[in-house]
Amino acid sequence: MKRIPLKNLKGGTFGLLCFLFSLNTFAQSFFSAETLPQSKTYGTVTTRLVPEDIVKLIEDHNFTFDEWTSFYQIRTNPNSPPVIGEYKIVDNHLAFSPKFLPDPKIQYIVTFSYPQLAQILSSTISEQAVYSDIVSFKPPETTRPEIVSVIPNLEIVPANLLRFYVYFSAPMGIENPYDFIKIEDKDGKTLVDPFVIVPEGLWNIDRTRLTLLLHPGRVKQGIGPNMTEGDILRAGNEYTLKINSEWKGASGEPLKESFSRKINASNPLRKAINVNLWALKAEQNQIGILTIITDHPLDQPLAKRMLYIRNREGKILPSQVEFTSPEEVKILWRPDGSTELELHIDHRLEDVCGNTPLYAFDLEGNTRNEASGEIMLTFKIQK
Amino acid sequence: MQRTISVFTLVFFALITLAKDPGMKKGTPDIVSLSVLEFNKDGILFIGDSKGGAIYAVDLDDDKASSNDKPLNILDLEDKLAGMLGTTVDNIMVHDMAINPISQNIYLSVSRGRAKWSSKWETPNDLMDADVLIKVSPTGEMSEASLENVEYSSVTIPNPIDASIQHRWKKGATLRSDAITDIAFDDGKVYVTGLSNEEFRSAMWTAPYPFSKDISANTLEIFHGAHGKWETAAPVRAFLPYELNNQKQLLAAYLCTPLVTINAENLKEGQHVKGRTVAEFGAGNFPIDMVLYQNKGKDYILMSNSALPLLLFDPEDVANYNGEITEEVQGYLAGVKYTPRSGSGVQQLADFNSKYILATQRLPNGKLVLTSLSKEWLYP
């Protein structure tokens, strides 16, 4: 604990600030700041080293806000009025809770003056020190968004990959997403314009999922952008997808940490999905589980809406689609007593390269399998 | 003898209570948004709560008379407010200002929401609910005016516009923020403007004060010369009661900026009332505030604007104007003339003392100042 003689605080506010900064490291133990985002009081600055008998004196006086601030103040700068909030005594310590959520970007100047306290108590206090410090509130961890996942979660991707999906733990802000995301080649050189730039980005409604569309004009062979600018990813090369942690969430807090994933590009996948190559295995106890090993890594968010289970009477059963990997899907359903069921595949299903069960992305409109009725696989249930 | 004193004491305290507002009770009013502030001559603060759809009358126990006639200037108002709210200056927003005519204390409704501003047409209430009341003394000391455990009464606004109705072109704003746009107190009545759920949305409510359940509702219609049509959807933005030719009128200003007189006698429960458009002050603007003051014993009205200069007009010119604007005007100006006065960036206005009007003003350096405008220099 460092005592700062009162006389040292003379010399104007500039002097005070310089003085506070110079003594910052010595006086830290007198005050502590804590952020409590889930609490109604948001956070507190606590002064723990005031002797118990003096705390009792303060408690007995039941001070108003103005009286408190005459000896114990929290300010954002020396010329501002004190931060408004509530002073109280908690566990024999003097605690201040600001009225509004403390701003982690701001350094708060905290001052506690025994002489001023003596004046307002109209009594003598042997302590004569003035304590000052600069405290800041750590941003609450829960308000900092995190990248939950980036899919497809594959170390090896086809060179004609069409999309990434980035999932966040909290809604993201309105900054331009493309300022924070890049793909580098193995030499650390940033790829030029790999993504389709959509103003503000392609978001789900609560801004927790961003779709990064790799430029389809460059992915698709033989058309303008592909001819002039070339492929985005080339088979046999290594790349790194990087997301900068300076990107801010809707709360104003930046990402908890940066994201980086190495990606190896393999040969392009330029074939339609062939569901006849899928391996199906179904088990059933309290719930039914259909495990599907697919022939292509699937576009997961899309597949969750494009796969469903029907019984032989044509009734769609309530189900849930989950991915173990882009090539392994589990569909959970509520059993209805059937021993044989149908897996229905909407023809709009896509793999990670935009290939569908009807045509390859590169051959769209050219060589196209005409849909002959529904795309459907039947399976028996093992008990 | 003792009994006589007790009866006298009871009557004395009863009279004091009656003089204020017998309907008041002690407690913490459940105010959602401090949208609009206005004082009556007895120092009762009226708070319009758009989100809550109610008007509150609050006795802040602030009745120590002040005869100060000095100006007040605070050059870094938002910096100081930011300090009090524990944030940075770019996040501070002043929603409204009112001055207690007894104590001359200035009250500001404030929020931490300016960072959300994205359009010149947005008002502070579109962006955020003001949630703290700040008191500034006539000499500039600032403190929080607590609304906890105060004497207050309230009245519910009948049929305020539904909270789910989106503004037609203000992205993300609902019309509910305009449920109450201005309040004026006159002769025992509280006049309230805003938007209702009626087919003709622009509304005027009139409540007796002290409050009773007899609040009357009127829908308003005006001819807007700059748009060349009759309008019922836009609310009054700023208004004040004034007697013209021995008739109580409400002088009301709207977006893009028609000035209208509304005959107070026509404000009978449920009536659809047409205002008389007496001036067009210019397009591309919304009026922010109006204040009545005297210069050399003569009344003038000063009006602050979002995009036009500070406007000064003579209510006598309004009284003497016999016409009515009912056709589209060319050049956006028509009817009663105004005098433009220097004061770009002036926002809130309130009568401060015998010599000064107090204003908030955005300076070219970006600072918001609390500044005193000398009445002596404000004449046409």
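Let's start in chain A of this predicted model, at P152(A), which sits in the loop that links β9 (147-151) and β10 (156-158) of chain A. The bond leading into this proline deserves a look: the peptide bond from I151(A) to P152(A) is cis, with omega near 10°. As a rule, most peptide bonds are trans.

Stay with these two residues for a moment, for they also take part in a cavity. Searching the whole structure turns up three cavities of 30 Å³ or more, and the largest cavity has a volume of about 40 Å³. I151(A) and P152(A) are among the residues that line the largest cavity, together with R163(A), Y165(A), L298(A), D299(A), Q300(A) and V352(A). Sorted by class, that lining comprises five nonpolar, one polar and two charged residues.

Still in chain A, let's turn to a pair of helices. Helix α2 (residues 52-61) of chain A packs against helix α4 (residues 114-121) of chain A at an angle of about 45°, and their axes are 11 Å apart. An angle over 35 and under 65 degrees falls between roughly parallel and roughly perpendicular, and α2(A) and α4(A) are therefore oblique to each other. The crossing of α2(A) and α4(A) is left-handed. If you would like to select the side chains involved, α2(A) contributes I54(A), L57(A), I58(A) and H61(A), while α4(A) brings Y114(A), L117(A) and L121(A) to the contact. Taken by class, the residues of this contact between α2(A) and α4(A) are six nonpolar and one polar, with no charged residue.

Now over to chain B, where another cis bond is waiting. The peptide bond from Y209(B) to P210(B) is cis, with omega near 0°. P210(B) is placed in the loop between β12 (202-208) and β13 (216-224) of chain B.

One last stop concerns a backbone angle in chain B. N149(B) is found in the loop between β8 (142-144) and β9 (150-156) of chain B. Its phi is near 55°, a positive value in a residue other than glycine. For comparison, most residues other than glycine have a negative phi.

How values were computed:
Residues are numbered from 1 along each chain as its sequence is written. Chains are lettered from A and ligands numbered from 1 in the order in which they are written. This is a predicted model: local features need pLDDT of at least 70, side-chain atom pairs count only at pLDDT 80 or more; totals for chains, interfaces and linings use all residues. Side-chain values use heavy atoms; hydrogens and water are left out. Axes are lines fitted to C-alpha atoms, for helices over the stretch in contact, and angles run from 0 to 180 degrees between N-to-C directions. Helices (H or I, at least four residues) and strands (E, at least two) are DSSP runs, numbered from the N terminus. Angles under 35 degrees count as roughly parallel, over 145 as roughly antiparallel, 65 to 115 as roughly perpendicular and the rest as oblique. A crossing is left-handed if the near helix is turned anticlockwise from the far one by less than a right angle, and right-handed if clockwise. Contact means heavy atoms within 4.5 Å. Ala, Val, Leu, Ile, Met, Phe, Trp, Tyr, Cys and Pro count as nonpolar, Asp, Glu, Lys and Arg as charged, and the others, Gly among them, as polar. On a 1 Å grid over the protein atoms alone, a cavity is a set of points where a 1.4 Å probe fits but cannot get out, and a pocket is an open set with protein on both sides within 12 Å along at least five of seven lines; lining residues have an atom within 4 Å of a point. Grid points are joined across faces, edges and corners, and a volume is the space filled by probe spheres set on the points.
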